[in-house]
Structure formats: structure tokens, C-alpha cells
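Here are a few exercises to work through with the model open beside you. Try each task before you read its solution.

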Protein chains: 2
Amino acid sequence: MGKGEQTRQAILDEAFSLASCVGVGGLSIGILAERTKMSKSGLFAHFGSKEELQLAVLREAQQRFAEVVLRPAFRQPRGVARLRAIVLNWLDWTRVANLPGGCVINAAAAEFDDQPGALRDEVRRGLIALRRTLVETVAKAVEAGDLRPDTDPEQLAFELEGIYQVAQQSRRLLNDPDADRRALFAFDRLVRDYAVERGKE
Amino acid sequence: MGKGEQTRQAILDEAFSLASCVGVGGLSIGILAERTKMSKSGLFAHFGSKEELQLAVLREAQQRFAEVVLRPAFRQPRGVARLRAIVLNWLDWTRVANLPGGCVINAAAAEFDDQPGALRDEVRRGLIALRRTLVETVAKAVEAGDLRPDTDPEQLAFELEGIYQVAQQSRRLLNDPDADRRALFAFDRLVRDYAVERGKE
DNA sequence: CGCTTTATAGAACGATCGTTCGTTTGTGTC
DNA sequence: GACACAAACGAACGATCGTTCTATAAAGCG
């Protein structure tokens, strides 16, 4: 890796955790230059525009999410176990990744959901991919016989995302120490609802 | 109402719908002055600082939420009927209120959840009040005999907020036309889970 | 009406924003 | 070591930001 790629990555690291606090839209080249001890113009040259920097941060976030949340979970056997692993990693990922100010992607989703442009498209792309992964994981849990055959994977994935989002908000804004516990409780109840009832099948 | 209060409200109206699109943090006095056909300084004088303007917008949002979502629902008899009315109004409130860019409060929650200050405090206060209202409504549904006595109102309120949040995201960002239907489906399943089973009681 | 108070306008402030340009420093290669 | 190229810098740009000040216009009241 050449010098250019190296510093670019260092900038991205700093931008990533900064965006966690101020949002992807709140990123500032001046402040970022200050934190990385670079000149504004020197930093700027690595991206060509602020939007390109923001896009790079979003892509970085998605990549780390896949590494930290999804990939380890896929070592679990297909079925509810894998689904549960995803939820557990998901709830933990702001701690595992360097995200002192919360999930970048979720914040960006709320920020850009009504502002057409490349940033919104990128966020959208990422969330659609995540949703698809969830749907497929649920579908495999059905195939594996963990969930009832009439389970609607899209509905279950929908509800899983809701659990995650409210957990984040409860933990971060309301300072609710029980947020994770409640999220897991909701997940378990959800899965129990859709589970095949072993005694009756 | 004097002239001052009148124009202040007009500014707030405009700021409210503008914040829906760009976020409470993205509000700009210059742009707001342009939209209201006022001078920056003339507009500014009504609030004294940008932060005070932002706080006023947040308070306005909370007041409208109470009027549009909660108050009508409280005309329903206590119990699941009232709870369902809240959810229905809730899902509709970005359409009923002038919120072309989505729920101001939820966006602000994601924006300020890690930035200490008066704005975060205000958002927090509003969301805590909402959560409490939900909890009490659930508790009354238990008293009314609609829900099982061992129902945990805080848990149910927690999950209700999750349903709302994912519905918003799915509708606004993913353009999912089924978002509201899925949210209602989740609500009904949730309530059925906690409902007293009439045949067995 | 006249008088006091309030509301609005206009110009300017310093700060910061993203961006451009020319130059200098550094890196990697023959 | 010399050369070609990439990387970083420093200064400046025009624009916009929130804010302040002073002056003008309007509103409210006797």
C-alpha cells in the first residue's frame, strides 16, 4: 500500500469516528484536517470533493458493518441461531467498531431520507442490502425447520430492524440501561411467535 | 395576539416544515429569512439566538404531535382501542402535520443523541414524555382487561416505538409501499401476544 | 392626533465553509 | 544521485454562517 492509500485510510478512520458524533452531513474538512494534523488542501486532494469524502465514509461504514456484524454471524449454522447471532452482533457493533456517537448508517438514514442525491442513494443501497440479508437469513431458518413454513421473511426482517432502532434510541438518548435486554426479549418473543411448536408438529 | 406573536408563529410554521427536510440542526437563519421574505436581523430578533429558534421548533413539534396524534386518540375508550388509535395517528402524522420531509422529532433524536446541550435535553424530554404516555396507555389496557395482567407496559411501549421507527425508515428511505401495512401487522401480532385469551380465561 | 413601544430593515462583523491554485516537499525508480 | 511523479502545504477565493449595531417604519395606546 503506497503512501497515498495509507493516509487516505487514516483520514477515513478519523472521519468515520467523527461522523459517528456529528453525522455524515456534519463532517467538516477544516475540523478533519485539524484532527489528522494535515492541511485542508492536502486532505481535500485525497477525495476531490466533500461529497466524495462523505460517500467514502458511508462505504467504509458498510464494509465494517459487514465485517463486524454479518461475517462472524455466518459462522453459525443457518437457522435461528444465525439470526440471533446477527442481532447480538448488531446490538454490539457501535461498541466493537469505533463509533463513540452511535451508528453512522442509521443516523445518515434519518438525515438523508428526504434529500435526493448520491448520499441518499448510498445509504439506501446499504440498507436495502442489509434488509435482503436479513430476509434471506430468515428464509433459511424456515427451510431449516426452525420457523413455521408460513413465516413471512420480509415481515420478520422488518420487525427486527424496528427492534434494533428503538434499542439504539433508548440506549443513546433515553439512557435506558435495559435497552439491550428489552431488545433481546422482543427478539425472543418474535422468534417464539414464528417458531414451529415442537409439541404439535 | 399582537403583531410580534403573529409573525413569530409564521416564522415557526416555516421553520417547522423546513426542519422536516433539512433537520433541526440544518436550519439556517438566512434561508429561513428568504422563505419568510424577512431580513435576517428582523427574523433573528424574534428568538435571540439560533439555538433558541431550534428549541422553539422542537417545542412546536411536540405540541403538534400531542394535538394530532395523542389528543384524538384519547377520545377512544381506554384499552387496546385507544392504543391502536395512537398507532394509527402516529403512522399518519407526518402527512397530517406539515412534515414533507418526515418526523422532525425522530430526526432530531438521531441527530442530537450524542451532542450534549439544550437541544438534546429538549428532544429527550419529549421522547420520555411520549414513552410515559405509551406506558400508561398500555397499563390502562391491562386494567381494562384487554391485555394480560402480567404484561410489562414498558416492554410493550418499547416495541411500539420500534415498529414506528422502522415504518418511517422503510417508507421514506426504502420507498416501501407496504410499510404501514407491515407496521399494523406487527402491532396486531404484538397485541394478540399480550391479549387475554378470551376462550381460556 | 402624538407619543412610546415594538417590530423590521440594512449594513457590517469575524468566523468558517468548500474549493482552487501554485509551490514545495517527499517518495519511488532508473 | 537524477529524474518523474505523487503528496502535502499555504495562501487566497467567494459564499454563507450566526450575530451585532444603528436607524427606520409600524403598531399600540392615551
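**Exercise 1. Work out which parts of DNA strand D the protein meets, sugar or phosphate versus bases.**

Solution. This is a predicted model, so treat what follows as computed from it. Start by picking the atoms of DNA strand D within 4 Å of the protein. Then sort them: 59% belong to sugar or phosphate, and the rest belong to bases.

**Exercise 2. Find which residues surround DNA strand D, and say which are the closest.**

Solution. Step one: count them, and you get 20 residues. Step two: pull out the closest, which are A:S39, A:S41, A:H46, B:S28 and B:K50. Step three: sort the surface near DNA strand D by residue class, giving 5 nonpolar, 10 polar and 5 charged. Step four: look at the elements. In chain A, α1 (3-22) and α3 (40-44) each supply at least two residues of this surface, and in chain B α2 (29-35) and α3 (40-44) do so too.

**Exercise 3. Zoom in on the side chains of A:H46, A:T7 and B:K40, and say what part of DNA strand D each one faces.**

Solution. Take A:H46 to begin with: one of its polar side-chain atoms sits 2.4 Å from a phosphate oxygen of the strand. Next, A:T7 has a side-chain N or O atom 3.4 Å from a phosphate oxygen of DNA strand D. Now turn to B:K40, where a polar side-chain atom lies 3.2 Å from a base nitrogen of DNA strand D.

**Exercise 4. Describe the contact between chain B and chain A: how many residues does each chain give, and how much area is buried?**

Solution. Count residues: chain A gives 41 and chain B gives 41. For the area, about 3,700 Å² is buried between the two chains, with carbon and sulfur atoms giving 48% of it. Then look for the top contributors on chain B: B:F158, B:L173 and B:R182 supply 20% of the area that chain B buries against chain A, more than any other three residues.

**Exercise 5. Count the salt bridges and the residue pairs in polar contact between chain B and chain A, then ask which element of chain B gives the most to that side.**

Solution. There are 10 salt bridges between the chains. One of them joins B:R172 to A:D114, with the closest N and O atoms 4.0 Å apart. Polar contacts come to 22 residue pairs, both residues at pLDDT 80 or more. As for elements, α1 (3-22), α6 (104-112), α7 (118-143), α8 (153-172) and α9 (179-194) of chain B give two or more residues to the side that touches chain A. Among these, α8(B) gives the most, with 12 residues. Finish with the classes: that side of chain B divides into 18 nonpolar, 10 polar and 13 charged residues.

Note on methods. Residues are numbered from 1 along each chain as its sequence is written. Chains are lettered from A and ligands numbered from 1 in the order in which they are written. This is a predicted model: local features need pLDDT of at least 70, side-chain atom pairs count only at pLDDT 80 or more; totals for chains, interfaces and linings use all residues. Side-chain values use heavy atoms; hydrogens and water are left out. Contact means heavy atoms within 4.5 Å. Buried area is the accessible area (1.4 Å probe) that two parts lose on being put together, summed over both. A salt bridge is a side-chain nitrogen of Lys or Arg within 4 Å of a carboxyl oxygen of Asp or Glu. A polar contact is a pair of N or O atoms within 3.5 Å; within protein, one must be able to donate a hydrogen and the other to accept it, and residues adjacent in sequence count only if both atoms are side-chain atoms. Helices (H or I, at least four residues) and strands (E, at least two) are DSSP runs, numbered from the N terminus. Ala, Val, Leu, Ile, Met, Phe, Trp, Tyr, Cys and Pro count as nonpolar, Asp, Glu, Lys and Arg as charged, and the others, Gly among them, as polar. A residue is near a molecule or strand if one of its heavy atoms lies within 4 Å of it.
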